[in-house]
Every structure is written in C-alpha cells, then in structure tokens.
Amino acid sequence: MGVPHAKPSRSLLAGCVVAAFLPAAEAVAQGAERHSARGTVLEEVIVTARRREETAQEAPVLMTVLDRELLERYAIRDLHGVADLTPGLFTGESAGAVGGSISLRGVTSGESQPLFDQAVSLNVDGVPISTGQMLRVAQMDLAQIEVLRGPQALFFGKNSPGGIISLVTADPGPEPEALLRTGYEFEGDEWFVDATYSTPLGERAGLRLAAHRAEMDGYIDVHSPVELIPDPNPGIEPSGLDSFPEREETFLRATLTFDPSDRLSAKVKATFADTEVRGSPSYFHDIVYCPYGTPQEPYPVASNCRNDEEIVTARIPANVLALNPQLEPDGHRDNEQLLLSGTLEYRIGEHLTLTSVTGYYDADEDSSSNGGYGLAPTNVWAVNYSYEQWSEELRLASDFAGPLNFLAGVFFESRELYTDTYIVIPTVGVCPSCFELPFEGTRQENETYSAFAQLLWDIDEAWQLSAGARYTEEDKRLADYFIAAEAPFDPAPVLAATRQDLVGSPSYPGQRRLSFDDLSPEVTLSWRPAAHRMYFLSYKEGFKSGGFDGAYTAGAVLARGVRTFDPEEVQGFEGGLKSSWFDGQLIFNLTGYWYEYDDLQVSTYDVNARAFGTANAARSTVQGIELETRYAPDWAPDFEVHLAAAWNDAEYDEFFAQCYRSQNQAMGCRFDVDPATGRANTQDLSGKRMRRAPEWTAALGASWERALASGWVLGLAADLLYSDDYVFGTDYQPYARQDSFTKLNACGSAQLARPALGVRPHRAQPHRRAGPRQRHRPHRHRRHAGHHRPGVRVAAAERGLSAGAGPDRHAGARPQPHLAGHLALLRRRGALQAGGEAAGGGEEVFSQPPHPRRVQVGGDPHDHQGVGQAAWTAPHGGRRPPSPRRCSAPRPRRNRAGASPPPGRATPRRWGGGSQRSSAKRASSSSRG
C-alpha cells in the first residue's frame, strides 16, 4: 500500500533565522502608532469575495485571508503551503499527470481524473482554473490569497461546490522597487532565488517583473541493494538517484498596468512556469503495509515496509525502455504552464463600472514512472496530458448612493483536454515476455456559457439583503477516443499497432456528447446592530457538471464505451457572527454551515485497469462550526495571538463503492455479486466519514515584533497545528488512514536599516475627500491586494522576511525551508524629501494618513508638529496625487444626506457603494501625526 510521505520527527520544529537590510527611513517603528489599529488587521484587509471591494469583516462570507505579510513570514511558495495555514484544507500530489487534488471540509474530486473539474477550484487574478495542475506551479510575489469555503456559484466563473482558492498577484507600485532574496533548505538540499523589480513607466503606466529559480536534490532517500537479487542478474540496474525528487523549477511573471484616462485602466499579466523532475512520480508514495511481513513482490526488502522516507527501487530495464521512447531510466516529469490574463476596467459616468477579464491557460506535461515499489519494476507507465483554456468574463457593477445596487455579468469558457496512457508490466528476463496493456488516448472539448446577477438592497442603516443567481449551460464533446492493442506478449511495441477510433465508429456503444444546465441561486441577509458587529445568514446552491470518465480502462472501453458520471449539486445554509471588540483589539468570528450534496463526484480506483476513475456518491452531508479569533492587546503592542478551529462532520449518507483488492464478504465486500464467479464487487460506505475530512482541526499561534532604537526590527512567530485522523484511500482500505498529528511551525526574523543622518518623521496630512476617481473605491487607504500600505513605501514582503513551515507534508508536497536567508534591496525615487522640498524638485509634500506599520528613523516619535528634515511621499494608487492641504484640520465625514456627524460619533454605516465603514477612532486617526 502506498501512503504519502511525512517528514520525520526530527523536523517537528521548523525554524528560520532571517536577516534583512532595509532602506534608512524604514528602521524604527513607533509602538504607539503601530498598535493603535493593529487589533483591526483582519478588518482592514480588502477582499473581493463578492466582486466588490470590502473588508474581510464586512463580507458575509466564510473565508480565510492570507495577506502578503503572512505569506512571506512562512515563505509560502506553493499551494501546499497554503494548506498548512488553513484548517480543513488538504492538497494531494498525484502520481499521474493531472496534478493532484484539493480537499476542503472533505469535499474533493480525486487525484487522477483528467477530464473533470476540481470541486475546490482556483482563481488566479480573475481567471478560473479547474485543474489540479496549478498545484505543481511555484507561487511567488503574491499580494493576497482568499480561501472561500463552501459553494461559490455566483461570482467565480465556473461553479465550485466545495470552495475557491483565489490568488491575487502583486501589481506595480508608484515608485521603483527591487527585491533579491535567496534561501537554502537543508533536508531537501534545495536552494532558491527570488527576484522582483517594479517601476512606474511615466505617470500612467507601470511594470513589474518577478522571477523564481529553485533546484532540489530531494528529501526522500533512494536505495538500490541490487546485490540481493540472485544470479544471474536479469538486467536490473541500481537507480541513478540518491534522493528524490531531483527537481529544477523556473517561474517568470510580468505585469503591465496602463491607465490611459481617469475612466479607463488596463492590466496585463503573463506567467510562465517550467518544472522538471528526475525520478518516478510514484516515489511520492511508499509501501508501509505488508500483511505478511515483507512486500508481495519479487526480491522483497523488509525495510521497505516502513514509512521512513526511504524508497527501495531500481532502474527501468533497458529492454523495457526500448518499447517507448518517452520512458526514462529513473522516471521523469516535465511540466510547462502558461497563464495570460488581461483586465480592463471602464468607469461609465460616476456610478457604473464595466470590467472585462480575459484569460488564457495552457498546461502540458509528459511523465514516465517505475510504478513498482521494489527492486524489480512491476508496473511501468508513461502519460501525456494537455489542457488549453480560453475564458472571458464581462461584468457591470453599480455604485449608487441610494439603497439599491447591482452586479451583473456573463461568462464564456472554451477548453480542450487531451490525455494518453501507456502501461507495460515487465517480467523477469528479456522483454519479448513483457506484457503491454492497450495504449489509450482521448480528447474532450468543452464550452460553457453562463450569466449571473446580484442585487444589493440596504433596507436601513443596519440591514442588508443580497440576492443573486447564476445560470449555466455546459456542453462536453468526446472528440475522439483511440485504442491500440495487440497480443499480450507480442514482441512488437504496442505503439506500433493500428489505432482504433472508437468514437468515430458507427457501432460505438457510448455517448459522444453531454449537455448540462443549472440555475444556482444565493440569498444573504446581513444585520449590523453596531459598527463592529455583524450577523449574517445565507442560503446557497452550487453545481458542477457531469462528464466523461477519461480514466484508463485497460481495453474495457471496447465493450462498454467511455463511462459517464452525473452532475454534482449542493444546497444548504451558512451564517454566523463577525465582530471586533475592545476598541478593535479582539477579532472574534463564529460561523456555522450545513450543506447537502447530491451525486457528489468522488474518486475510485479500478484494481483491474490500475487506474483511477470517477463515481457519484448518491448523498452526502457536510456540516460544522468554525471559530476564528485574533487578539492584539494595547498593553502588549508588539504581541499578537490567534486561533482558528473547526469542527466538521462530513459523511456519506448513501454511497456504494468498489471493493478494494483482497476485500472479502466478511470485510464488507458483499454487494453486486458476479453470478459467474460468486465474487462481490461493491461495498457500502453509507455513514462513513468522507475522505480527508478530520472531525477536528485547529491552529493556535502567536507573533511578536519589536523595533529597537539601534535600527534592528526583531520578530518571532510560532503556530501549533492539529488535525484529527482521517481516511485518505479512495476505496477505504483500513490501513489507508492518517493518524491524528500535531505540527509546530516556528519562525524568527531580523531586519536592519541602513543608517542615515538627519532623517526625521513628517506628520501625515489629513484625509482628503475622495474625488470622482476615488469615490467608487471607498477603501482606498486600507490594505489591499496588490497595493502597498499607505505612508510607508515598503511591501510586506520586505517586512515579514522569514521562512519555515510544518514538518508534515501530505501526499508528496515538498518540505518548507528550515533556514532561509533574505537579502532585500529596495530603491526609491522621491521617497525622502529634505527641507520641505521634494527630492525631485518642487515645494509640495504629499502624505497619507498614518498606518500602524509606519516606520521612521531619527527624531522624536512624539513630534507631531510636522517639522523635520524628511517627509514621506505617499501613494495615490499609482496616479498623480491631488493638490495637498498642508496642516489643515480634517474635514468631517458626511452621511448621504450631506450632514456632518456630531463630533466623536461614528458616521452611520451604509452598504453598497458608499463608505462602508467609518468610526470615530479612524476619523481621528486621519489627523494624528
């Protein structure tokens, strides 16, 4: 039995020590200024879960937000690392070419079905991606990740009944920026280099480039004791690997922004990733279950029955390699991916915004593997996979001052998928006696059309009702399905056999085209009785189309055609409380959910075809409670503690699945009896917990950061992660279970500014009234994906320079770095201004309201007179800032009737297009230095 590799106990504590050198004016943080709003960090993060800019605390959505600072603190460089920070989220590596699987709350779609969508899909800069191939791409220079839990049918292009992982990459800023970072990971013998360069191109354009290069020797030891093979040696050679995976990884991204007018803005992103792995992808799993003491294979090695990060294997014999030129002696995986996205935003008048998001995604992979677990290869395979997708989304959003606002749009997607599979079973001796299974390949074409709309109604100052729906039509066509077969022991390669086009045959017994349509509504009622407390209740439905099961069949397709599976549907409720307390020091969110899935699409394993397939679980119920809290006390301004916990009850209400190999009637295999053999083929899994659905998961952590007068900024962070046990085997073998585990992630960082003389802080100017361009962005000065924080022109990546992650890596994900060194070099133009004059000339000094993360060098931190030798040049969204007001009193905020609120009282909160949150604390913070 193969199980995912887990990192050994010696790595239960993963620590990192980081040193960074920052520009002079970023050295010493002011404690009082830092913690004054630190308790509202979660409240300040801007999200787009509803395709509108709003804070995470304002959005009535169950979600986890990982901002740039958190991603950099733990050196998150792939989606497997995101799972470490998100309770209930699991990612799995696939030995095949599909990429892997994503599971959230136990809702998943399996690892190796090449023609269907993930139940938990990805969205990168607005482009939906439904394949697990993205799990194999490095991720860097990210601004934010939003993990949206539960069905997301309304806003994200393709319906995702399990959830969405939305990735937002960084955009160019208004000033030049450069970053060079390198690190080394000891256990996997891996080094990496990250480089980022961003610069404005005039006043209305910007360019950002990001690159990543990594090489790894591997963290799984490979042994080849071929001396155990009796003479004469049947041509088996020792492996050419000492460790696995031996990998090279290249990642490039370019971003170009252009605002030709105040009404029109454009953004183009291009991402290329190339990953090459030497070694069989099957080595991500190891045999640990040997019921008779030794592996049941030729030349057994008893030590191969331990989950000890050691693989016993040998090279693929030369006579097997001669059968297929794609095979490589030690196995391989070559993966290339290209993602292009273009976003246009046009402001129609003052209250309407038209947005277009165009995406192109292409993924190609070829791989080969020694699928056996021992010295004699027992299953050698090669797979090709290709995925090409075009998508277009057009949406119109309103920003009216009245109680009603809307969002409406249309979406189109065209996809073409191709896969082929080659399998040979070597035998001891020469290869004329090798057994080649039929060679199969298939191509599928998809087209999807959908329209969606949502209406927001501000019933009064406290209540809001939102209602919307998405209508989807999807057509899938089996373009071809070919098979090449020959006599089992024919010495000629099966690739040379005549291919049969099954779909083109008039006698083809299966379906050639499938069509699906669905209407998925969503209704949410929100009540905000106080400025920092919101209750909400939502009813949601979701849908994922059915399709063709493109799994390998070992020739069975000739008799029955290509199997199909039914659509997956979900309906249910979620709701709860989102709140902040004690003047923003404490965030407390408590939410619950109940969803019922009909015809849940699950992964199955065909023991005869040696391949995964897809089946429908008739009914499943997923329900639970989730807690999220964060506490940053005023009495300890450098300290923060956070807790996330989830109770999840996910089980199959009705599900009959294929039996696993060697399962007898006493062990539950007693249904669907074959009258010819008397053997049963089906087991009843009704009432069983769903795969990768632990009942309890939790993450408890704390962080501390202190700025010293010497210019050093020290930081420590630690997180304790816990998960209950769960089943990971597709056919529920009793030994395919992950025991409960606990992981400890620890990280330390140190940052030092370059010394500078005569630099003193400059008081921030009062908040300006938004002009026409800013009015539709009520959160312009809050933390937002892709934008730098106000006041200080330094990205979170240069502030949270650290690395480290948990030791347990599920399903072959590589370990996080234990030790990473960071060297950050940031160059600013016009960032410092001397004697009241801008460095580039002129008299005007521009500034923004202070931010708790603002840092400064020299001078008196309590000097609020604005008299100093330097001042910050503040961001204005990459555009030319308006004329400043110097040393004037802050203008009071107005409600929609135009009247100013009484002093010290929060402005009444309005939903939709207006200013979505205002408090006396934040109003006053605009005038503090």
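**View 1. The disulfide of Cys 659 and Cys 669 in this predicted model is right-handed.** The angle about its S-S bond is 100 degrees. The two sulfur atoms sit 2.0 Å apart. If disulfides are new to you, it helps to know that a disulfide is a covalent bond between the sulfur atoms of two cysteines. Back in this view, Cys 659 belongs to the loop between β39 (656-658) and β40 (669-671), while Cys 669 belongs to strand β40, so the pair ties together parts that are 10 residues apart in sequence. Are these two cysteines buried or exposed? Both Cys 659 and Cys 669 are buried. A search of the whole structure turns up one disulfide, and the link between Cys 659 and Cys 669 is a disulfide.

**View 2. Strands β39, β41 and β40 form an open sheet, in that order.** This view stays with the strands around the disulfide. The pairing in this three-stranded sheet is antiparallel. Its edges are β39 and β40, each of which pairs on one side only. From one strand to the next, the twist averages 60 degrees. To follow one pairing in detail, look at β39 and strand β41 (residues 682-684), which are joined by three bridges in the antiparallel sense. Here you can find Phe 656 standing opposite Asp 684 in β41.

**View 3. Five strands make up an open sheet with mixed pairing.** Reading across the sheet, the order is β7-β12-β13-β10-β11. Which strands lie at the edges? They are β7 (63-67) and β11 (127-129), and each of them pairs on one side only. The twist here averages 20 degrees from one strand to the next.

**View 4. Strand β13 pairs with β12 in the antiparallel sense and with β10 in the parallel sense.** Take the β12 side to begin with: seven bridges connect strand β12 (residues 142-149) to strand β13 (residues 163-169). Leu 142 is opposite Thr 169 of β13, and Leu 148 is opposite Ile 164 of β13. Now turn to strand β10 (residues 120-124), which is joined to β13 by five bridges. There, Leu 122 faces Ile 165 of β13 as its opposite residue.

**View 5. Strand β13 is covered on both faces.** One side carries Gly 163, Ile 165, Leu 167 and Thr 169, the other carries Ile 164, Ser 166 and Val 168, and all of these are buried. Why is β13 described as largely enclosed by the rest of the structure? Seven of its seven residues are buried, so the description follows.

**View 6. The largest cavity holds about 510 Å³ of space.** It is lined by 31 residues, and those closest to its centre are Thr 64, Leu 85, Pro 87, Glu 628 and Ala 644. Which strands each supply at least two residues of this lining? They are β7, β36 (586-606), β37 (611-631), β38 (639-654) and β43 (712-723). You may recognise β7 from View 3, where it is an edge strand of the five-stranded sheet. As for the character of the lining, its residues divide into 19 nonpolar, six polar and six charged.

**View 7. Strand β23 pairs with β20 and also with β24.** Strand β20 (residues 264-278) runs antiparallel to strand β23 (residues 332-348), with 15 bridges joining them. Along this pairing, Thr 275 has Asn 335 of β23 as its bridge partner. The pairing of β23 with strand β24 (residues 352-370) is also antiparallel, and there are 17 bridges between them. At this second pairing, Ile 348 is opposite Leu 352 of β24. β23 and β24 form a hairpin, with three residues between the two strands. In the turn, look for Gly 349, which has a positive phi of about 65 degrees.

**View 8. Phe 284 is a buried residue in a loop.** The loop in question lies between β20 and β21 (285-287). Since buried means under 20% relative accessible area, Phe 284 counts as buried with its relative accessibility of 5%. To place Phe 284 beside another part of the chain, find Ile 220, which is 64 residues apart from Phe 284 along the chain. The C-alpha atoms of these two residues are separated by 8.3 Å.

Terms used. Residues numbered from 1 in each chain as written. Predicted model: local features only at pLDDT ≥ 70, side-chain atom pairs only at ≥ 80, totals over all residues. Heavy atoms only, no water. Pairing = 2+ DSSP bridges. Helix = DSSP H or I, 4+ residues; strand = E, 2+ residues; numbered from the N terminus. Axes fitted to C-alpha atoms, helices over the stretch in contact; angles between N-to-C directions. 1 Å grid on protein atoms, 1.4 Å probe; cavity = no way out; pocket = protein on both sides within 12 Å on 5 of 7 lines; lining within 4 Å. Points joined across faces, edges and corners; volume = space filled by probe spheres on them. Nonpolar A, V, L, I, M, F, W, Y, C, P; charged D, E, K, R; others polar. Disulfide = S-S within 2.5 Å. Buried < 20%, exposed > 50% of the residue type's maximum accessible area, 1.4 Å probe, protein only.
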